[in-house]
Amino acid sequence: MPVGTAFLTGVTGQDGSYLAESLLSRGWEVHGLVRHALLPGAHGEGETSVEGVEYHVGDLSRPDEVGSILKSIKPDLVFNLGGISSVYQSWQHPYDTALVSGASVVAMLETTWQLQQATGKEIRFLQASSAELFGEAESAPQSEATPIRPISPYGAAKALAHHAVSVYRGRGMFASSAILYNHESVRRPAKFVTRKITSGAAAIAAGKLDKLSLGNLNAIRDWGWAPDFVDAMDMIIRAAEPDDFVVATGVSHSVQDFVEAAFKAAGIDDWRAVVDVDESLARPTDAAEMRGDITKISSKLGWRPSVDFDALVTAMVRHDQALLADE
């Protein structure tokens, strides 16, 4: 499709920053929603600013603010990547999660629909959905046809947004969902368990940390490389028809597997000697095995992941080792 204007929520996050860079490199004008004024090159904890993005201050919990920004930009593409991104955090703030990651999406879809009707041009909408939709999945892998059974406030909010996308697609809007499984990169914020593991392994190997405390090591997830998943979202919004697609690798690993791979990359063979299990860090409930079936996106759009599990864990460890070396 020809280049135009894109609007991204969550633009300073892991996925948003990679997506912004990709769009800018292809000549797109990129606008991003941020919660606070962001100077060029500056960023807060867990944020990545991208030169060339025009930032707009607004809050997803205030639909009128976001709506005004959308109406002023009149984008061709809307990527909703923002919201509360931590399942653990959603248990601490369930109402805020429902508002920011659920109800706000309904408001954004309605504003986009009204703007499309007023301008007469198609505006495509991509919702970053989540495998947490399938919380009580009875089997693995999960596909687009797997029943939606969330077991966390995060999953419930994402379910509301996911259903809303389908409602507006039925109304005639180009609205698609990317059902994203776990995906990581060197831009993953430190509050996430994967980054806690890789930074902890690097610190222990460097003699700067004695022990690493973790919660449930038995949780099984499908981990992919974030830039691969950003490519998938870009392909979904540029597809001939709007639809929902599972974005995953099709291979699952336990948190313990992640720990073993990280400590191996850091040069530590006996990870059990330096890792403690702290039950207080476990979630109230945890999903069953999360593993995605990528048959649909592979056959219809030709997408497949390019980075495997060991490579992504190693890349994160090497990054954290480099950060320690620069201190």
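1. Let me start with the surface. In this predicted model, the protein exposes an accessible surface of about 14,100 Å². Carbon and sulfur atoms account for 50% of that area. As for the interior, 52% of the 327 residues count as buried.

2. On overall dimensions, the C-alpha trace spans about 65 × 45 × 40 Å along the principal axes. The radius of gyration is 19 Å, which agrees with the value near 20 Å that a compact globule of 327 residues would have.

3. The secondary structure consists of 10 helices and 13 strands. If you look at contacts between residues with a separation of 6 or more, 78% of them join residues 24 or more positions apart.

4. A word on charge: the protein carries 28 positive and 42 negative charges. The mean positions of these two sets are 3 Å apart.

5. Now to the packing, where I would spend some time with the viewer. The largest nonpolar core has 41 residues, and those with the most contacts inside it are L8, L23, F79, M233, V247 and I297. Several elements each supply at least two residues of this core: the strands β1 (5-9), β2 (29-34), β4 (77-80), β5 (124-130), β6 (175-180) and β11 (244-247), along with the helices α1 (14-25) and α7 (226-237). Helix α7 gives the largest share, 7 residues.

6. M233 is a good residue to centre on. Which residues does M233 contact, once its neighbours within four places in sequence are left aside? The list is D15, F79, L81, L126, A128, A178 and L180. Of these, F79 is itself among the residues with the most contacts inside the core.

7. Please look at the other core too. Apart from the one just described lies a core of 26 residues, including L214, W225, V255 and A266.

8. One peptide bond deserves a check by eye: A140 and P141 are joined in cis, with omega of about 5°. Where does P141 sit? Its place is in the loop between β5 and α5 (153-170).

9. Finally, a backbone point. K74 has a phi near 55°, a positive value in a residue other than glycine. This lysine lies in the loop between α2 (63-73) and β4. Is K74 buried or exposed? Neither label fits, because its relative accessible area is 40%, whereas buried means under 20% and exposed over 50%; K74 is therefore partly exposed.

Notes:
Residues are numbered from 1 along each chain as its sequence is written. This is a predicted model: local features need pLDDT of at least 70, side-chain atom pairs count only at pLDDT 80 or more; totals for chains, interfaces and linings use all residues. Side-chain values use heavy atoms; hydrogens and water are left out. Helices (H or I, at least four residues) and strands (E, at least two) are DSSP runs, numbered from the N terminus. The radius of gyration is taken over C-alpha atoms; the globule rule is 2.2 Å times the number of residues to the power 0.38. Buried means under 20% relative accessible area, exposed over 50%, partly exposed in between (1.4 Å probe, protein chains only). Contact means heavy atoms within 4.5 Å. Accessible areas come from the Shrake-Rupley method with a 1.4 Å probe; for residues, only the protein chains shown count as cover. Lys and Arg count as positive and Asp and Glu as negative; His and the chain ends are not counted. The place of a charge is taken as NZ of Lys, CZ of Arg, CG of Asp or CD of Glu. A nonpolar core is a set of buried Ala, Val, Leu, Ile, Met, Phe, Trp, Tyr and Cys residues joined through side-chain atoms within 4.5 Å.
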